[in-house]
Amino acid sequence: MIFKQETQILKCTFEKEHFSKVKAAFKDRWPVVYIIEDDEKGQAYIGESTNICTRICDHWNNTERRALKNIYIIFNKVFNKSVILDLEAFLIGYIVADGKYRLQNGNGGQHVHNYYLRDEYQREFRHIWQLLQDEGVVRHGITLLENQDLFKYSPYKILNLDQFNVAVQILTDLKYDLGNNNQSRSFIIDGGAGTGKSILGIYLLKLLIDAKSSPAWTAEEEALDENLSYIIGHLSPNLRVGYVVPTQSFRETLKKVFDGIQGLDSKMVLSPEDVANSGEGLYDLLIVDESHRLRRRRALFNYGSYDKANKALELDEEATELDWILKKSRYQLFFYDSRQSVKPSDVEALRFFSLSQQEDTRNYKLTSQMRCKGGNDYIEYINNILECQQEEMLTFGSSYELLLFEDVEDMVSVIKEKNW
C-alpha cells in the first residue's frame, strides 16, 4: 500500500474573508483537487491546482464561481500532478452522474493518461468518494452510478487515446474546411459496437456549445483550444447544431441525459423527421449517432409522415433519411457501423460506402474496444465465428464464461446479479 498518510478534506466557506484558513493550511504549494459548490443552487465546479491559494482568488474573480457557497479541498501528501488530474476527471464523471449538481465545468482536455501505480491510486479515489458521501457532498454510491445513463453517456467521460486523436483530427479538418470556404462536408466515423461512438459524439457537441457560449472559454488541450476558437469564429453567429438519433428509445435516453448537463438541452436531441420538418434554414452541424439506423422507404410503420417530409424537402419518394440530413445541414458527422444495420428499413450499407468514397467526404476509424475486456481480438474472434470464418479455437483467460439459458428471465436475473 502506497498511502503513508490519509487523504484529508478541508472544508471552507467560499468567501474571501475565509481564504486565510486555506492559506494557513497550504503554506507549501501542493497538488490538490477541489470542489466549489452550492447545495441550494445545485451548482458546482471541480478543479485541480498546485497552488490552491492563488487559484481560489482567481475563482473569486469569476462571477459564476463567486455565487457558490463552499469549497472542499482534497489532498494527500503522496498525490502528484498526474494523480490529481486523474482524480479531477474521476470526480467530474461521477458527480455529473450523481445528479446533485450541474457542473460549471467545460469538458476540454478530458482524455485518458497513465502513470505509475495508477490502479492503487484509483482504489483510493473510491475511498475519497465515500468521504464525500459522509460529508454530504455527494448522494449515491459508485456502483449505483455506474449503471446510470448520465454516467454512461456523460460528455465528461474520459476519452481514450483513439477517441481523442479522432476528435482532434475532426476539429483540425473542420478548421481547414472553414478556412478554405468549403461550404459543406460529410465526416464518417466508422467504429464497431463498444468503440465509444456515442461518447465521442456527445463530447464534441459539448465542446462546441461551451466554446460558443463563453467568449473566455479555453480547452486544457492546446490542439482543441486552437481549433475550436477558429471554428466558432467562422461558423454562423447563431450556431445551429443538433444531435440526431434515429431510434426513439435511445433518443429519449439522451434527452434525459442532456437535461442534466450544463449547456446542453433535450431540444438538441433530434429525430430525422425533426430535421426534415425544421423550417429555419440549414443547420451548421448535425452529429448523427447510430447512422446505420437511418431509414429508407421500406417496412415503415408510417409512410404518410415519411412521404410528407420528402415532399417538404422537394426530394423524390425514394429519398432516405440520410438524404434529409445531407440537405438540411452544412456539415455532418455520421457515426456508423455497418454490422449493426439489421432491419430492412435501414439505409443500405452500399449507400454509406458510396458516400464515404466521394471526394468531399472525410473518413475516420475508431478501433479501441471499451465495452469488452477481451478487446479487439475477442471481438474479431466472435465475428469470425458468426461468419463461419474461424478455423481454430482460442482462449481469452479464465475470467470468461459461456452460459446457455433456456429461459430469458433466468438470463436477465444472472446479468443483474453481475451488475451489482
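## Sheet

In this predicted model, 6 strands make up an open sheet with parallel pairing, in the order β8-β7-β9-β10-β6-β11. Its edge strands, each paired on one side only, are β8 (269–270) and β11 (361–366). Strands of a sheet pair through backbone hydrogen bonds, either parallel or antiparallel.

Within the sheet, strand β7 (residues 241–244) runs parallel to strand β9 (residues 283–288), and 4 bridges join them. One residue involved is V241, whose bridge partner in β9 is L285.

## I188 in strand β6

Strand β6 covers residues 185–191 and contains I188. Is I188 buried or exposed? Its relative accessibility is 5%, so I188 counts as buried, the cut-off being under 20%.

Leaving out residues up to four places away in sequence, I188 touches F334, Y336, F352, L355, S356, T361, R362, N363 and Y364. Of the elements touched, β10 (329–336) includes F334 and Y336, while T361, R362, N363 and Y364 fall in the edge strand β11 (361–366). L10 is 178 residues from I188 along the chain, and the C-alpha atoms of the two are separated by 48 Å.

## Helices α8 and α9

Helix α8 (residues 161–179) lies across β6, β10 and β11, and runs at about 170° to β11.

Helix α9 (residues 197–213) has 17 residues. From its first C-alpha to its last, α9 reaches 25 Å, close to the 24 Å expected at 1.5 Å a residue. How many of the residues of α9 are buried? The count is 15 of the 17, so α9 is largely enclosed by the rest of the structure.

## Nonpolar cores

The largest nonpolar core has 77 residues, and L91 and L204 are those with the most contacts inside it. Apart from its neighbours within four places in sequence, L204 is in contact with A167, I170, L171, I287, L333 and F335. Among these contacts, A167, I170 and L171 belong to helix α8 (residues 161–179), I287 belongs to strand β9 (residues 283–288), and L333 and F335 belong to β10 (329–336). L204 itself is part of helix α9 (residues 197–213).

Another core, of 18 residues, lies apart from the largest one; C12, Y45, C53 and F75 are among its members. In soluble globular proteins, nonpolar side chains tend to be buried together.

## Aromatic pairs

A pair of aromatic rings is described by the distance of the centres and the angle of the planes. The count for this model comes to 19 aromatic pairs. One of them, F79 with Y121, is edge-to-face, at 6.1 Å centre to centre and 65° between the planes. This pair links distant parts of the chain, 42 residues apart: F79 is in the loop between β4 (70–75) and α4 (81–98), and Y121 is in helix α5 (residues 118–135). F79 is buried, with a relative accessible area of 2%, and Y121 is buried as well, at 8%.

The rings of F90 and Y94 have centres 4.6 Å apart and planes at 40°, so this pair is tilted. Both residues lie in helix α4, 4 residues apart, about one turn of the helix. An α-helix has 3.6 residues a turn, so residues three or four places apart point the same way. F90 is buried, with a relative accessible area of 12%, and Y94 is buried at 8%. Together with F125, W129 and F151, the residues F90 and Y94 form one aromatic cluster.

Definitions and conventions. Residues are numbered from 1 along each chain as its sequence is written. This is a predicted model: local features need pLDDT of at least 70, side-chain atom pairs count only at pLDDT 80 or more; totals for chains, interfaces and linings use all residues. Side-chain values use heavy atoms; hydrogens and water are left out. Helices (H or I, at least four residues) and strands (E, at least two) are DSSP runs, numbered from the N terminus. Buried means under 20% relative accessible area, exposed over 50%, partly exposed in between (1.4 Å probe, protein chains only). Contact means heavy atoms within 4.5 Å. The expected span of a helix is 1.5 Å times one less than its number of residues. Two strands pair if DSSP finds at least two bridges between them. Axes are lines fitted to C-alpha atoms, for helices over the stretch in contact, and angles run from 0 to 180 degrees between N-to-C directions. A nonpolar core is a set of buried Ala, Val, Leu, Ile, Met, Phe, Trp, Tyr and Cys residues joined through side-chain atoms within 4.5 Å. Rings of Phe, Tyr and Trp (its six-membered ring) pair if their centres lie within 6.5 Å; planes under 30 degrees apart count as stacked, over 60 as edge-to-face and the rest as tilted.
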